[in-house]
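Here is a structure to work through by question and answer. Keep the sequence and the 3D view side by side.

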Amino acid sequence: MASLIFYLSPGASSMAPHIALHEVGETFESRVVSLKQKREARPAEFLALNPEGKVPTLVADGTVLTEVAAILYWLARRHPEANLWPAGDLAAETRAISWMSFIAATVHPARARGLDYAMQIFGIADQRLGKHDWALGARYSIADIHLFRLYWRFANALKPPVGSLPNLEAHHERMMARPAVRKTIEIETAIGYDLP
Ligand SMILES: N[C@@H](CCC(=O)N[C@@H](CS)C(=O)NCC(=O)O)C(=O)O
């Protein structure tokens, strides 16, 4: 097994790979980065690994991995037994990449543009999810972890009216029932949220 060093900030984008690390049962060392500090003030050791100064950053046996989607994918492929990636099913793999590109490029930046704009974008995600249990339909995958983290942050920060995004609300409930999600939230709450 590789030695894994995981740079995180509670409640930030790193929450998604943090959940996945627990889903797959990896052993890892956590290093907490404060996002309240200006980028230049973050530890030099961290900036040397990731000049963007962003979390998540994962160092796996000396190889630096960045970007939520890539780290989720690496963890899922490394642990096929966890069934987090629909390997070998071309249509499902394509849907998973489509979801994760949409989440990273469109959903992630939406919250910063305010409630009205974010509601439009989360509305599209809600429609796209529909009445399915999971982003890929019947099977749970890393796309659900990615989607959950963005909705979790949006719902806590901007408090959309209850019932306005019913499919995402139901998805959130299903995610909250997962031990890996509960464990991650417990650990991150104990460290303390330090979001800008
Ligand atoms: N595209 C990146 C986004 C990561 C990201 O935006 N991380 C934020 C926290 S949610 C961060 O580290 N921000 C620090 C900064 O911009 O200074 C990904 O998907 O991993």
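The turns below go through a predicted model, from its core to its ligand.

Me: Which helix gives the most to the largest nonpolar core?
Reply: Start with the core itself. The largest nonpolar core has 51 residues. Those with the most contacts inside it include I142, I145 and F148. The helix that gives the most, with nine residues, spans residues 142-158 and is α6.

Me: Which residues does I145 touch, leaving out those up to four places away in sequence?
Reply: I145 is among the residues with the most contacts inside the largest core. Sequence neighbours up to four places away are not counted here. The residues it touches are A16, I19, A20, E23, L72, Y140 and M175.

Me: How many residues does the other core have, the one apart from the largest?
Reply: This core lies apart from the largest one. Among its residues are I5, A12, V33 and V59. Its residue count is eight.

Me: Is A125 buried or exposed?
Reply: A125 is found in helix α5, residues 115-129. Buried means under 20% relative accessible area. A125 has 0% relative accessibility, so it counts as buried.

Me: Which residues does A125 touch, not counting those up to four places away in sequence?
Reply: A125 sits in helix α5. Residues up to four places away in sequence are left out. The contacts are then W99, F102, L147 and L168.

Me: What is the bridge partner of L58 in β4?
Reply: Strand β3 covers residues 57-60, and β4 covers residues 63-66. Four bridges join them, and they run antiparallel. In β4, L58 has as its bridge partner L65.

Me: Which residue in the turn between β3 and β4 has a positive phi?
Reply: The two strands form a hairpin. Two residues lie between them. The one in the turn with a positive phi, of about 50°, is D61.

Me: Where on V55 is the polar atom that lies 2.9 Å from a nitrogen atom of the ligand?
Reply: The residues around the ligand include R42, V55 and V68. For R42, a polar side-chain atom lies 2.8 Å from a ligand oxygen atom. For V55, the polar atom 2.9 Å from the ligand nitrogen belongs to the backbone.

Me: How much of the ligand's accessible area does the protein cover?
Reply: Contacts with the ligand include a polar backbone atom of V68, 2.9 Å from a ligand oxygen atom. On its own, the ligand has 510 Å² of accessible area. The share that the protein covers is 76%.

Notes:
Residues numbered from 1 in each chain as written. Predicted model: local features only at pLDDT ≥ 70, side-chain atom pairs only at ≥ 80, totals over all residues. Heavy atoms only, no water. Core = buried A, V, L, I, M, F, W, Y, C linked by side-chain atoms within 4.5 Å. Buried < 20%, exposed > 50% of the residue type's maximum accessible area, 1.4 Å probe, protein only. Contact = heavy atoms within 4.5 Å. Pairing = 2+ DSSP bridges. Near = heavy atom within 4 Å. Polar contact = N/O pair within 3.5 Å; in protein donor to acceptor, adjacent residues only side chain to side chain. Areas by Shrake-Rupley, 256 points an atom, 1.4 Å probe, with all protein chains shown as cover.
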